[in-house]
Structure formats: structure tokens, C-alpha cells
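Colleague: I would like to learn how to read a structure of this kind. Could we go through it one feature at a time?

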Amino acid sequence: MKLPDETQTCQNWNVLSLANLAGTGNQKKGNELRKRTFSISRAKDMPGGSPRRRSAYDPAMLSSSSSFARQLLRWYDRSRRDLPWRIDPAVGGEPNPYHVLVSETMLQQTQVATVIPYFQRFLARFPTVADLAAADEQEVLRHWQGLGYYSRARNLRAAARMIVHEFGGHMPTEPEELLQLPGVGRYTAGAVASIAFGRRAPILDGNVQRVLCRLDAIASDPRDRQTQQRLWQRAEEILPRRRVGDFNSALMELGALVCTPRNPQCLLCPVRDHCEAFASGLQEKIPAPKAAKPTPLVRRQTYCVRRADGQWLLEQRPSTGRWAGMWQFVTIAAEDPLDASAARAPAQSAAPLPIRVRRIHPMGIVTHSLTHRRYEFQVFRCEAAATGILADNCPRRWTTLERLDDFPLPKPHLRIAQMLRDQPE
Ligand code: SF4
């Protein structure tokens, strides 16, 4: 995409003018022009070609940049999804900054369809930033339960407390202030500042990154530092003067609906006339796919310990690290490869558990994959053989299956709880 900061002004202007040529009887002329122009830019931007030089912003190109924004916004107005954190255009009004912060936090690393019910439940329980600031952390974690990446929930509560105690209960409006909030990085600060307050702040999430790489035919790895800097710069350069929040949302929406990681729908794309990857037939190759890295496997043994009155033993995880502060069935590291067969049920003496147990029966293996590691939990049920629990620093509680909902449990332990419900004996 040629936008105002390019040095190859006349060629870039030609590219941006193609949309105007198309549909005005000059289609053929436009196609010829496009071929000529893209052959120049492609040679210079592909690996091995000489890098393009960039110069200061050229106001003479602004109308072309505006045409890109206009086409994108027009498409967004027609095609945007009706999401609960968005303002219905028919109703109008301003987006609620707290809703934007909650939704953008939930959407990090998580798909829209997964987030919607969580967002609605979260807002029903914590309707204002003051409600969230006053909430107990365990309750916040319970409302985040199953969404994963729980540090987001703890940070969101900490951010709400900072907004109440240091910003007088009002969400900061500027990106620099938003960056002071726990868990708020450059992307979230830009999203809240632009969507909720109309500030000219860029955003760069996975979707926008992919769209910009294709528009500019950037073949380098979008995760490397220099490419990130270049993409942030581009994300800022292309911001329009008005409707900045809608423009940022439209870029994300385009990446989610049209410019998808695989099989981008270029023929339906509202900005294909600005897209170098499309013109070069490189849309499927940009960005280059990630080299698959082996993810380490972590093995655990989980013991569901039941005492005579039918209650189960839970323990609380440490206050730092993965699933910090959440609750789980008694879990220890497993040395050996897992095997759910009855023959591998460990002897009591081999299991360093916080309570003496008997009648250990294997229940199965629960697996759980995260971005950087995989877990395998070999699950056993057993009976408490004593009333005394080892006294250490780990908080523990007995509870019934019916009252498990009072405790925030990580996803693998939610599945283990379901196994207990499905296999009563
Ligand atoms: S033309 Fe294709 S590759 Fe280019 S932005 Fe549109 S969907 Fe993405």
C-alpha cells in the first residue's frame, strides 16, 4: 500500500489512483498502470531487493490516504459484526471506556466468539469500574474461569483499583496515561484511547499486523523488532483525521473477516486496490508462516481425595506463576511418562501427598495445551485414610462437588471435576 510517506511519489500516487480509474471507463488504463507500478515496488521490497527509503509525511498525498480510509470505513459501516462492546450505530452515543478496556483485555489471545459470553457475564457482575475495583480477587477469577491467561483478570482488577484511587474513578484518556495501568500495553492503550476517546493512537494486534504486511507486501517476519517498528509506524501513518476508533476497529475487522490468515477473500476486499500483496499474487505467502517449534510437555499427577462425608480436597495454587491464586485438586509433579492403566496406580508410599490416602484408582489423562507448553495430568481418585492434612503454607479446603463453583479452577481441573461428576464411583 502506498501511503503518504513514500519517496517514489509519482509511482505511489498512481497506485492510489487506481481506485479512481476503476469504474470510470479507465479500467484498462488502470490495469496497465498497476502492472507497471507494482513491478517497480515488488522488486524493491522482496528479499534481496534494495530496501525502500522512506521520507517525511507528504501532505500532497493525503487525499489518497483518505481514499483508503473512506473505502475501509464504508465497508466497516456495512459489514461490521454486532458485538456487545460496540455501539449500535442505530442507537448512537459514545463507547463506554470501561467496556472497551474489559473487551480489549479479554480479546488478547482469545477469539471473539469465546469472549462474548464471558464479557456479558463479567459486565453483569461488575457493571462499573468501581464495582470491579471493590471486588474480591477470587470472585474476579471465578468470572474469568475458563477464559485462560488469568494474569489478565488480576491486572484488570488492579487497573480498576488504580483508576478509582489515582484517576478519580475516570478512565484516563491519553495513551501515555493508559500505559500506566497494570496489564495495559501499547496495543490496549491505543485501542482504548482511539475507540473510547477518538485519540489518534495506532493499534497493532495480530489482525492489523497481517493486513499491514499484505498491504505493503512486507515479506520479513512481522514479529522481528525492526518489522514491528515499521508496522507501528505504518499503523500511525494511515490513521485518518476523523473516526479514528472506527478506523482501527475496521482494520481489525478486515483482518478477522476478509484478510484472514489462510484464504484471504481478496475479491471481496474493500481495499484491494491499495494492496501490494494482492497485486503481486503474494497474499497467501505473506506473512510467512511461523516455523513450528516443539512445545515442552509438563507432566502432573492429580489426586482427587474424598473423605467419608463425600467432600473433596482442594488446594490453592501459589500467588505467582501460572493459574496463580486459583484452586485445584491435589497435584504433584510426575516423574515418569503417564499411563492411566490400573497397573500404574501409585502406591501410597510413593506419592508425597498432603494427606494419607488409600484405594487409589486411575481415572484417566487430561491434556491441556497452552501457547508455549502442553500439560498432561494423570488423574486418580482415592479416599482419605486420615483426618489430618499436612500443615504447610498451602491453603486447603474440603468441598462438595456442588460447591465447587465457589472456587476459581483452571480449565484442566474443571474437566477433572466433570470427570468426577460423570463417574460418581
Ligand atoms: S486484497 Fe487480499 S491480501 Fe490485500 S488486504 Fe485485501 S484481503 Fe488482504
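Modeller: Begin with the vocabulary: helices (H or I, at least four residues) and strands (E, at least two) are DSSP runs, numbered from the N terminus. Residues are numbered from 1 along each chain as its sequence is written. This is a predicted model: local features need pLDDT of at least 70, side-chain atom pairs count only at pLDDT 80 or more, and totals for chains, interfaces and linings use all residues.

Colleague: How many helices and strands are there in the protein?

Modeller: The protein has 16 helices and 6 strands.

Colleague: Where in the protein is confidence lowest, and where is it highest?

Modeller: Confidence is given as pLDDT, the predictor's confidence in each residue, from 0 to 100. The lowest mean, 30, belongs to helix H1 (residues 9-16), and the highest, 98, to helix H7 (residues 129-134). Residues 4-63 have a pLDDT below 50, and this stretch has 64 contacts in the model beyond near neighbours in sequence. A contact means that the C-beta atoms of two residues, placed from the backbone, lie within 7 Å. Residues 337-344 also stay under 50, with 12 contacts beyond four places in sequence. Where pLDDT is low, the predicted coordinates should not be read in detail. Over the protein, the average pLDDT is 82, and 80% of the residues score at least 70.

Colleague: What share of the 425 residues in the protein do buried residues make up?

Modeller: A residue is buried if 20 or more other C-beta atoms lie within 10 Å of its own, exposed if 12 or fewer, and partly exposed in between, with C-beta atoms placed from the backbone. Buried residues are 36% of the 425 in the protein.

Colleague: Which residues have the most contacts inside the largest nonpolar core?

Modeller: A nonpolar core is a set of buried Ala, Val, Leu, Ile, Met, Phe, Trp, Tyr and Cys residues joined through C-beta atoms within 7 Å. The largest one has 90 residues, and those with the most contacts inside it are Leu72, Val102, Val192, Val208, Tyr303, Cys304 and Val305. Helix H11 (residues 186-197) gives the largest share of this core, 8 residues. Domain 1 (91-202 + 239-257) and domain 2 (297-422) both contribute residues, so the core lies between them. Those domain bounds come from an automatic or database domain assignment.

Colleague: Now a single helix. How many residues of helix H5 (residues 97-107) are buried?

Modeller: In H5, 11 of its 11 residues are buried. Val102 is one of them. The cover over the buried residues of H5 includes helix H6 (112-125), H7, helix H9 (151-166) and H11.

Colleague: And how many residues of H12 are buried?

Modeller: H12 has 8 buried residues out of 10; among them are Val208, Gln209 and Arg210. They pack against H13, helix H14 (244-257) and H15. Beyond its neighbours within four places in sequence, Val208 is in contact with Ile203, Ala235, Leu251, Met252 and Gly255.

Colleague: Which residues around the ligand come nearest?

Modeller: A residue counts as near a molecule if its C-beta atom, placed from the backbone, lies within 6 Å of it. Of the 15 residues around the ligand, Cys259, Cys266, Cys269, Arg272 and Cys275 come nearest. H12 gives the most to this shell, with 3 residues. The shell divides into 11 nonpolar, 2 polar and 2 charged residues. Here Ala, Val, Leu, Ile, Met, Phe, Trp, Tyr, Cys and Pro count as nonpolar, Asp, Glu, Lys and Arg as charged, and the others, Gly among them, as polar.

Colleague: What about the backbone: where is tyrosine 149 found?

Modeller: Tyrosine 149 sits in the loop between helix H8 (137-144) and H9. Its phi is positive, about 45 degrees, although tyrosine 149 is not a glycine. It counts as partly exposed because it has 16 C-beta neighbours inside 10 Å.

Colleague: Is asparagine 263 buried or exposed?

Modeller: Asparagine 263 counts as exposed, because it has 8 C-beta neighbours inside 10 Å. It lies in the loop between H14 and H15, and its phi is positive, about 50 degrees, although it is not a glycine.

Colleague: Which peptide bond is cis?

Modeller: The bond from isoleucine 286 to proline 287 is cis, with omega near -10 degrees. Proline 287 lies in the loop between H15 and strand E1 (297-306).
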